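Reader: Hi, can you walk me through this protein? I'm new to reading models.

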Amino acid sequence: MITFQGVLIGTGILWALNAIFVVPLTNYLIRKKLRSPAYVHLGGEAKTIEDRSVLKTMATLYYVLVDTAVLGTAGFFFGLLLGWFFVGISLKGKGWPGMIAFIVMSIIGCSLRR
């Protein structure tokens with residue numbers, strides 16, 4: 001049975017991992033991509049609607065990719081090392097894939113431990 005306290009702990013872990021790993025890695029990958037020749041024109045101030053749309057799409061895709069990888073890995077190790085599975089809440093729509101990866105991988109890690 002999942003308690004309210006367990007949901008709060010899981011949500012806290014999701015938010016902490018997001019602040020410590022996901023956002024800095026996403027920003028690093030976006031800056032690295034903007035230095036490539038195909039996207040160098042977006043590195044300055046985005047002037048057109050198309051430029052802003054490309055930047056927003058790129059930011060969302062990188063965020064979902066990094067969020068899913070970081071939270072999936074963390075969930076697996078939390079489940080494997082601690083023997084707990086986690087449930088958390090994501091308030092952002094783009095955070096749901098990472099949260100689902102966190103839950104599923106913590107269950108897999110927990111089941112491998114037993």
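Author: Here is a short chat about the helices and what packs between them.

Reader: Where does this model come from, and what is its mean pLDDT?

Author: This is a predicted model. The mean pLDDT of the protein is 85. In all, 94% of its residues reach 70 or more.

Reader: Which elements have the lowest and highest mean pLDDT?

Author: Helix α1, residues 4–34, has the lowest, at 87. Helix α3, residues 96–113, has the highest, at 90.

Reader: How far apart are the end C-alpha atoms of α3?

Author: They are 26 Å apart. That agrees with the expected span, because 18 residues at 1.5 Å a residue should also give 26 Å.

Reader: And what about α2?

Author: Its 34 residues should span 50 Å at 1.5 Å a residue. The end C-alpha atoms of α2 are 48 Å apart, which agrees.

Reader: What comes just after α2?

Author: Gly83 does, and it takes a positive phi of about 75°.

Reader: Switching topic. Which residues of α3 are buried?

Author: Gly98, Met99, Ala101, Phe102, Ile103, Ser106, Gly109 and Cys110. They pack against α1 and α2.

Reader: What do the buried residues of α2 pack against?

Author: Against α1 and α3. Among the buried residues of α2 are Met58, Tyr62, Val66, Leu71 and Ala74.

Reader: Which residues make up the largest nonpolar core?

Author: It has 9 residues: Ile13, Leu14, Leu17, Leu71, Ala74, Phe86, Met99, Phe102 and Ile103. Helices α1, α2 and α3 each give two or more residues to this core.

Reader: Why would nonpolar side chains be buried together?

Author: In soluble globular proteins, that is the general tendency.

Reader: Pick one core residue. What does Leu14 touch?

Author: Not counting residues up to four places away in sequence, Leu14 touches Leu71, Gly88, Ile89, Met99 and Phe102.

Reader: How many residues are in the second core?

Author: That separate core has 5 residues, including Ile30, Leu34, Leu42 and Tyr62.

Reader: Last one. Is Thr26 buried or exposed?

Author: Buried. Thr26 is found in helix α1. Its relative accessibility is 5%, and buried means under 20%, so Thr26 counts as buried.

Reader: What is Thr26 in contact with?

Author: Ala59, Tyr62, Tyr63 and Val66, leaving aside neighbours within four places in sequence. Of these contacts, Tyr62, Tyr63 and Val66 are buried residues of α2. Tyr62 also belongs to that second core.

Definitions and conventions:
Residues are numbered from 1 along each chain as its sequence is written. This is a predicted model: local features need pLDDT of at least 70, side-chain atom pairs count only at pLDDT 80 or more; totals for chains, interfaces and linings use all residues. Side-chain values use heavy atoms; hydrogens and water are left out. pLDDT is the predictor's confidence in each residue, from 0 to 100. Helices (H or I, at least four residues) and strands (E, at least two) are DSSP runs, numbered from the N terminus. The expected span of a helix is 1.5 Å times one less than its number of residues. Buried means under 20% relative accessible area, exposed over 50%, partly exposed in between (1.4 Å probe, protein chains only). Contact means heavy atoms within 4.5 Å. A nonpolar core is a set of buried Ala, Val, Leu, Ile, Met, Phe, Trp, Tyr and Cys residues joined through side-chain atoms within 4.5 Å.
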